[in-house]
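Me: Here is a model to go through together. I will ask, and please reason briefly before each result.

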Amino acid sequence: MTPAQFLARMERRDIAPAYLFLGPEAYYRRRARAVLLKAVLGDCENESAISEYDLAETPLAEVIDDARALSLFASDRVIFASNAEAALPRTRTEEETEDFESGTGSAGPLGAYLQNPTPGVTLVLIAARFDFEGEDKRKQDRVRKFYGAIADPVEFRRAGSEEARREAAAMAKRAGVTIEPVILELLVEALAADLTRLAVEMEKMALYAGGRAITEEDVALLVPDARATTIFALVGALGRRDRSRSLEILDTLFREGEYLPLALAFLSTQFRSALVAKEAGLRSPQQIQGHFAKMGVPMWGSRAEQVYQTVAKFSKPQMERAMDLIFEADRGLRSARPDDRVVMERFILRLTA
């Protein structure tokens with residue numbers, strides 16, 4: 001079950017006796033928790049209706065016992081149990097493995113409970129440690145199997161770039177923030193599409209801006225690690241052949257002490273991509289993004305737009321010359337020289353001529 005499907009069920013008040021929250025995405029998990037509490041408890045603020053456990057400290061059987069118990073103070077209750085991975089046995093004999101797979105082992109009390117759950121009690125087991133891909137996948141599958149009595153876990157997968165941009169735009173709308181799409185792209189990229197960090201930074205910028213539109217300077221000032229994206233801004237300006245903006249950004253980079261060979265490395269990648277796009281006859285950012293995706297090279301929409309701008313501003317011979325200029329500038333920065341700024345300013349003037 002996706003978070004969206006879970007939220008839809010909560011709106012219909014289609015509430016199961018138990019849920020397994022599976023996966024590392026904290027932003028959607030917090031929303032799911034809030035909506036679940038609203039669906040089960042309404043506007044009730046009775047603290048006795050909510051119980052919190054950590055399965056790294058409390059046995060699963062003890063949590064099930066609490067779920068079976070009737071409360072004198074609340075007819076409806078929600079029980080959250082975090083670190084659900086900790087309930088899994090660390091080692092298993094062959095007999096224990098059979099019990100595990102049949103659901104009669106360590107998770108047996110859960111299966112028995114769900115055959116006759118307590119009315120008005122909703123149990124939420126939270127397993128947020130493992131991801132759905134890579135080395136974590138096998139561990140994730142084991143957690144899912146251990147809690148197999150819960151047939152339809154809610155999967156909190158990390159957001160992709162497109163999903164993060166959509167959700168960030170929704171965050172901005174809810175916060176009453178005006179932010180241009182290109183600045184939103186910058187923010188999402190600076191925070192690596194982390195929805196939790198996006199929510200925090202969006203709230204921070206809404207308070208800072210006080211009703212005016214968010215600018216690129218706001219992002220660079222307020223968002224941790226966003227200064228590194230100034231390098232991408234330089235790459236974008238050079239790709240557009242915008243000499244004035246490039247020199248302004250270069251001045252910012254020098255004040256902040258950024259590592260300029262990194263900018264040249266990114267610029268080299270952009271011109272190589274633009275050469276490929278030019279030779280393939282690609283005529284839009286969408287075509288560029290699709291073409292590189294087929295080649296197995298994922299590309300953000302904003303990066304495809306930058307590549308397209310470079311294709312539009314430079315002819316093929318000019319791109320090839322740009323590669324030579326990038327090489328010369330990089331060599332100049334890495335060798336004995338009187339002034340890095342002179343090297344970069346000369347490079348920008350020649351590239352944008």
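Me: Which residues are linked in a network of salt bridges?
Reply: This is a predicted model. Side chains of opposite charge can pair when their charged atoms come close. The network of salt bridges here links Arg31, Glu167 and Arg174.

Me: How many salt bridges does the structure hold?
Reply: A pair counts when a side-chain nitrogen of Lys or Arg is within 4 Å of a carboxyl oxygen of Asp or Glu. Lysine 137 and aspartate 141 make one such pair, at 3.2 Å from N to O. The total for the structure is 17.

Me: Lysine 204 and glutamate 201 meet in a salt bridge. Is glutamate 201 buried or exposed?
Reply: The two residues sit three apart in helix α9, so about one helical turn separates them. Lysine 204 is partly exposed at 32% relative accessibility. Buried means under 20%. Glutamate 201 has a relative accessible area of 6%, so it is buried.

Me: Which residue forms a salt bridge with arginine 334?
Reply: Arginine 334 is exposed, with a relative accessible area of 52%. Its partner lies four residues away in helix α16, so about one helical turn separates the two. The closest N and O atoms are 2.9 Å apart, and the partner is aspartate 330.

Me: What is the phi of asparagine 83?
Reply: Most residues other than glycine have a negative phi. Asparagine 83 lies in the loop between β3 and α4. Its relative accessible area is 28%, so it is partly exposed. Its phi is positive, near 50°.

Technical notes. Residues numbered from 1 in each chain as written. Predicted model: local features only at pLDDT ≥ 70, side-chain atom pairs only at ≥ 80, totals over all residues. Heavy atoms only, no water. Buried < 20%, exposed > 50% of the residue type's maximum accessible area, 1.4 Å probe, protein only.
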